[in-house]
Amino acid sequence: MSQWMTLFQKEILEMWRNFKWIWVPITFILLGVSEPVTSYYLPQIIKSFGGLPEEAIIDIPPPTAGAVLASGLSQYSTLGVLIIVLGTMGVIAGERKSGVAAMILVKPVSYLSYITSKWAGSLLLVWFSLFIGYLSTWYYTGQLFEWVAFGEFFQSLVLYGVWLTVILTVTIFFSSALLSPGMAAFISLALVLVVSIISGVLSHLLEWSPSQLTSYASALLTTGNLPDDTLPASLIGILLIVILLWLSVFVFKKKELAS
């Protein structure tokens with residue numbers, strides 16, 4: 001355990017040196033805050049563009065607080081996913097390419113500790129950034145619209161966090177299997193995009209898909225109820241994370257021993 005903690009602390013320190021602990025949370029905060037602020041000031045923004053006749057009346061019905069919070073959360077499905085993939089694509093592939101991984105594994109360090117410590121460090125960063133960014137969304141939504149119950153905020157946070165953890169683990173898997181961080185990012189993004197599109201088109205058949213957790217979180221915020229398939233989708237997401245993590249260790253060990 002002390003060996004794992006040493007590797008974990010090294011990963012945290014490495015991310016601090018790369019300023020990830022600064023720019024990733026700040027980006028998540030900006031993404032989260034933009035939605036309630038934009039929704040609140042939308043009539044003034046449209047009016048400021050000009051070109052409208054003076055007698056024109058801009059009457060946009062204000063969205064509900066749940067809808068604003070759901071829209072803010074959806075920002076993490078696009079730009080948030082891109083940041084996660086680009087931020088973790090080189091976590092393992094970069095060290096393999098530079099030879100740092102070989103230098104570490106020459107010492108009595110297990111492959112399992114190496115992979116899981118890197119995954120845990122990235123996981124902590126993603127969950128911290130998501131929490132602080134989404135908390136900002138919740139706060140500004142409460143100040144500008146209405147307060148959404150903290151229980152609904154927390155449940156939607158967990159559902160989104162599970163889906164983002166799946167994406168993070170997919171990226172870690174390809175980062176451990178490939179030498180090129182760019183290729184790991186490209187395949188991860190392509191796979192996530194394909195799964196999201198198929199799950200969206202065939203949502204009536206793939207209710208259990210972990211990618212549906214984003215729509216289930218939005219449904220909770222807008223209707224106050226969780227769909228029946230939320231639990232199966234969450235459990236399959238967690239199972240997928242465990243399998244991908246195990247495969248990451250297996251593939252990485254095979255590649256390192258072969259080189």
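Is Phe28 buried or exposed? At 1% relative accessibility, Phe28 counts as buried, because the cut-off for buried is under 20%. The close-ups below come from a predicted model.

**View 1. Phe28 and Tyr76 form an aromatic pair.** The model has 16 aromatic pairs. In one of them, the ring centres of Phe28 and Tyr76 lie 5.0 Å apart. Their planes meet at 10°, so the pair is stacked. Stacked here requires planes under 30 degrees apart. Phe28 sits in helix α2 (residues 20-40). Tyr76 sits in the loop between α4 (65-74) and α5 (79-88). The two residues are 48 residues apart, so this pair links distant parts of the chain. Tyr76 has 0% relative accessibility and therefore counts as buried.

**View 2. Ring pairs build an aromatic cluster.** The members are Tyr134, Trp138, Tyr139, Tyr140, Trp147, Phe150 and Phe153. Follow the rings from one residue to another: ring pairs link them into the cluster.

**View 3. A nonpolar patch lies on the surface.** Leu13, Trp16, Phe19, Ile22, Trp23, Ile26 and Leu30 make up this patch. Together they have about 730 Å² of accessible area. Two elements, α1 (2-17) and α2, each give two or more residues to the patch. Helix α2 provides the largest share, with four residues. Ile22 is found in α2. Its relative accessible area is 37%, so Ile22 is partly exposed. In general, an α-helix has 3.6 residues a turn, so residues three or four places apart point the same way.

**View 4. The largest nonpolar core holds 64 residues.** Which residues touch the most other members? They are Tyr76, Tyr114, Ile115, Trp119, Tyr134 and Phe252. Helix α9 (residues 150-177) gives the most to this core, with 15 residues. Tyr76 also belongs to the stacked pair of View 1. Tyr134 also belongs to the cluster of View 2.

**View 5. Ile115 has contacts from several parts of the sequence.** Leave out residues up to four places away in sequence. Ile115 then touches Ile92, Ile172, Ser176, Leu245, Ser248, Val249 and Phe252.

**View 6. Helix α5 is mostly covered.** How many of its 10 residues are buried? Seven are. These are Gly80, Val81, Ile83, Ile84, Val85, Gly87 and Thr88. What covers them? The cover includes α2, α8 (111-144), α9 and α10 (181-201).

Key: Residues numbered from 1 in each chain as written. Predicted model: local features only at pLDDT ≥ 70, side-chain atom pairs only at ≥ 80, totals over all residues. Heavy atoms only, no water. Phe/Tyr/Trp six-rings, centres within 6.5 Å; stacked < 30°, edge-to-face > 60°. Buried < 20%, exposed > 50% of the residue type's maximum accessible area, 1.4 Å probe, protein only. Patch = residues over 30% accessible without salt bridge, like charges linked within 9 Å, V, L, I, M, F, W, Y side chains within 5 Å. Areas by Shrake-Rupley, 256 points an atom, 1.4 Å probe, with all protein chains shown as cover. Salt bridge = Lys/Arg side-chain N within 4 Å of Asp/Glu carboxyl O. Core = buried A, V, L, I, M, F, W, Y, C linked by side-chain atoms within 4.5 Å. Contact = heavy atoms within 4.5 Å.
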